[in-house]
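I opened the notebook today to go through one model, and these entries record what I looked up and in which order.

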2 protein chains.
Amino acid sequence: MNPLPDATDDHDAWVEFQQFLRRRGERITQPRRIILQRALQCRDHFRAEELAAALAQADRPVSRGTVYRTLGLLVEAGLLREIRDGDVHVHYEVTVGREHHEHMVCDRCGRFIEFSDADIAEQLDHACRKHNFHQRTHRIVIFGLCEKCAEKRGTGNPSPTGGG
Amino acid sequence: MNPLPDATDDHDAWVEFQQFLRRRGERITQPRRIILQRALQCRDHFRAEELAAALAQADRPVSRGTVYRTLGLLVEAGLLREIRDGDVHVHYEVTVGREHHEHMVCDRCGRFIEFSDADIAEQLDHACRKHNFHQRTHRIVIFGLCEKCAEKRGTGNPSPTGGG
DNA sequence: ATTACTGCAAAGCATTTGCAAATGC
DNA sequence: GCATTTGCAAATGCTTTGCAGTAAT
């Protein structure tokens, strides 16, 4: 939930979503447009609940139910990606206009670090061929400590949870 | 939830869990033993709710609350692994006595296919070094269609969701 | 004897859903 | 004009929690 001050490139995404809706015989509505625009303004991960809360008290409010329903559509349309790691609840991430990438999640500060590697993608393709599996997409998450938190650990700071 | 007819190798795991509990100054109890044994009998993924339901009506019943609490301990002890893909809710998988592996999840039938690849692990290590990230563990999931479901798709069967 | 653990049942919370009104086609 | 979508709020289902009794140390 870090809305950018300006969102000039949401037009393309909206056109793409319209095409998706038309293809599926579903309707192009104001709430759907509002939800997409707001989702695109989130530069990093966000939860449905956050977006719903933000839109409930927005200029042109949209209800919780509609937000949840529309996020599902946006995922199906390929404009958003579901993230199910590091938290019990689903997170979303904008994928439109971005290259596929993976994540490292810091156990300590919860920060997400993005990375991508063509070789890894190739290895996964290979594994799929071996198992006759037809890949649609994939997800890689590495858990551990980011550079800063590893340094803190090194200085002898106690773990945030590690009481005793 | 596929209990094996015989479970001869749960002794080692129980000893390991006991050691973990002692180290943490927690108590070795019957319910904890029962829960571990039952979890070990699940050859694939299971949900807390499933295990809780099974144990609630078991020979020596254990309550839901205790199951949830103990599963958390088992994860901390490293005997189970949390899985957060393919479903909103957490899945668990036995890790003790097994090598680390990754998953392919079928979009259609939900089946999990396990695979492992040393080269991929090496690539991930490399990526971590590049980002000064200290890996604790990682998780890879490939989404798509398994062999059988891909064949069904090929025969012209309509998609389960795709009305049109 | 002391203190943690369990069982129970109720609370908590994100998400889903039913239905009347509104909107898009 | 008709069917879909929305908004609202209540329901749902998994998970957590408080408290009194029980069991482990």
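I count a residue as near a molecule or strand if one of its heavy atoms lies within 4 Å of it. This is a predicted model, in which local features need pLDDT of at least 70 and side-chain atom pairs count only at pLDDT 80 or more, while totals for chains, interfaces and linings use all residues. Residues are numbered from 1 along each chain as its sequence is written, chains are lettered from A and ligands numbered from 1 in the order in which they are written, and side-chain values use heavy atoms, with hydrogens and water left out.

Entry 1, DNA strand C.
I looked up what surrounds DNA strand C and found 20 residues, the closest being A:Y68, B:R27, B:T29, B:S63 and B:T66. By class the surface near this strand has 7 nonpolar, 5 polar and 8 charged residues, where Ala, Val, Leu, Ile, Met, Phe, Trp, Tyr, Cys and Pro count as nonpolar, Asp, Glu, Lys and Arg as charged, and the others, Gly among them, as polar. Which part of the strand faces the protein? Of the strand C atoms within 4 Å of the protein, 73% belong to sugar or phosphate, and the rest belong to bases.

I then went through single atom pairs, taking a polar contact as a pair of N or O atoms within 3.5 Å. A side-chain N or O atom of A:Y68 is 2.5 Å from a phosphate oxygen of strand C, and one of B:T29 is 3.0 Å from a phosphate oxygen, whereas the side chain of B:R27 places an N or O atom 2.8 Å from a base oxygen.

Entry 2, helices.
Helices are DSSP runs of H or I with at least four residues, numbered from the N terminus. I noted that α3 (48-56) and α4 of chain A, together with α2 (30-40) and α4 (64-76) of chain B, each supply at least two residues of the surface near DNA strand C, and that α4(A) gives the most, with 4 residues.

Within chain A, the axes of α2 (residues 30-40) and α4 (residues 64-76) come within 10 Å and cross at roughly 70°, the axes being lines fitted to C-alpha atoms over the stretch in contact, with angles from 0 to 180 degrees between N-to-C directions. That makes α2(A) roughly perpendicular to α4(A), a term that covers 65 to 115 degrees. The contact (heavy atoms within 4.5 Å) is made by A:P31, A:R32, A:I35 and A:L36 of α2(A) and by A:T66, A:V67, A:T70, A:L73 and A:L74 of α4(A).

Note on methods:
Parallel < 35°, antiparallel > 145°, perpendicular 65-115°, else oblique. Polar contact = N/O pair within 3.5 Å; in protein donor to acceptor, adjacent residues only side chain to side chain.
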